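Colleague: Can you take me through this one? I have a few quick questions.

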Amino acid sequence: MQGERTPIVSGNWKMNNNHFEAIQCVQKLAYLLQKDDFDAVDVTIHPPFTDLRSMQTLIDADQLRIKLGAQNCHHEEKGAFTGEVSPLFLAKLGVQYVIVGHSERRELFGETDDFVARKVVAVQKHGMTPILCVGETLAEREAGLTLDKVKTQIRAALAKRTAEQVKSMVIAYEPIWAIGTGKNASPQDAQEVIAAIREEVASLISRPAAQAVRIQYGGSVKAGTIAEIMRMPDIDGVLVGGASLDPTEFARIVQYRRHAV
Ligand code: PEP
């Protein structure tokens with residue numbers, strides 16, 4: 001934990017878990033997590049859109065401290081955008097966090113930096129927190145372009161944001177080559193890139209914004225790797241894909257403070 005910044009552990013289920021499976025998964029997770037865990041760490045889950053209403057009902061009925069997240073949204077509130085999901089509607093469902101610019105959206109669905117920047121604005125307009133994903137491909141890393149890539153993504157996404165707006169955001173550094181591959185950036189490598197992102201926020205926005213914004217690492221995080229990652233001074237949490245589908249594993253990730261390194 002870094003100063004005043006509350007750690008945040010987020011589970012991105014991607015296109016997994018129908019709404020029946022989602023209910024079971026969250027009930028088990030809620031059973032495994034204790035008050036102390038929620039006092040120390042913000043826990044967000046990001047189910048598919050079709051699960052959100054069931055998740056909202058469960059979280060409300062059982063007064064769970066798990067926070068509801070979405071995996072994406074459109075930047076417009078309504079209109080002729082067949083198949084898209086409105087940030088206004090997500091807010092109505094009790095969604096508090098929205099992943100924006102995940103590399104799968106950027107790489108597989110052609111989302112540009114400009115499109116991602118509009119979503120950041122829309123998510124905050126509706127009182128939700130964007131989790132802005134940035135990260136490089138393996139080819140970019142091998143060409144020494146990691147910092148150029150992530151700084152360009154950060155500059156584009158934050159261009160229209162004030163210091164106060166940036167302070168309340170979450171950024172996720174996710175090297176694309178580490179997502180779903182079982183390969184991790186080393187904690188030191190992740191720390192180096194995340195420190196550079198923080199510096200970029202300082203020069204672009206302000207030093208206080210850079211100190212306040214929470215920055216996660218994402219890429220094949222497991223219960224066995226989390227503790228060392230969280231020892232890095234600039235890393236405030238993790239965005240977890242595959243390992244978040246198993247409530248036991250995900251609970252152990254949230255409970256990283258209890259593990260010996
Ligand atoms: C992700 O989906 O953002 C992610 C980091 O996935 P995984 O943990 O499976 O690499």
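Modeller: We can go through the ligand site and then the cysteines; keep in mind that this is a predicted model.

Colleague: Ligand first. How many residues surround it, and which are the closest?

Modeller: The ligand is surrounded by 14 residues, and the closest are Lys14, Glu174, Gly180, Ser220 and Gly241.

Colleague: What does that shell look like by class?

Modeller: Eight residues of the shell around the ligand are polar, four are nonpolar and two are charged.

Colleague: And which side chain has a polar atom 2.8 Å from a ligand oxygen?

Modeller: That is His102, with a polar side-chain atom 2.8 Å from an oxygen atom of the ligand.

Colleague: What about backbone atoms of Ser220 and Gly242?

Modeller: Ser220 has a backbone N or O atom 2.7 Å from an oxygen atom of the ligand. For Gly242, a polar backbone atom is 2.8 Å from a ligand oxygen. The ligand has 300 Å² of accessible area on its own, and the protein covers 96% of that.

Colleague: Where does the ligand's space rank among the pockets?

Modeller: The space taken by the ligand is the second largest pocket.

Colleague: Changing topic. How many disulfides are there in the whole structure?

Modeller: Zero, from a search of the whole structure.

Colleague: Why is Cys25 not in a bond?

Modeller: Because the closest cysteine sulfur, in Cys133, is 19 Å from the sulfur of Cys25, which is too far for a bond. A disulfide needs the two sulfur atoms within 2.5 Å.

Colleague: And Cys73, what is its closest cysteine sulfur?

Modeller: Also the one in Cys133. The distance from the sulfur of Cys73 is 12 Å, so it is too far for a bond.

Colleague: Are those two buried or exposed?

Modeller: Cys25 is buried, at 8% relative accessible area. Cys73 is buried too, with a relative accessible area of 1%.

Notes. Residues numbered from 1 in each chain as written. Predicted model: local features only at pLDDT ≥ 70, side-chain atom pairs only at ≥ 80, totals over all residues. Heavy atoms only, no water. Near = heavy atom within 4 Å. Polar contact = N/O pair within 3.5 Å; in protein donor to acceptor, adjacent residues only side chain to side chain. Areas by Shrake-Rupley, 256 points an atom, 1.4 Å probe, with all protein chains shown as cover. 1 Å grid on protein atoms, 1.4 Å probe; cavity = no way out; pocket = protein on both sides within 12 Å on 5 of 7 lines; lining within 4 Å. Sits in = over half its atoms within 2 Å of the grid points. Nonpolar A, V, L, I, M, F, W, Y, C, P; charged D, E, K, R; others polar. Buried < 20%, exposed > 50% of the residue type's maximum accessible area, 1.4 Å probe, protein only.
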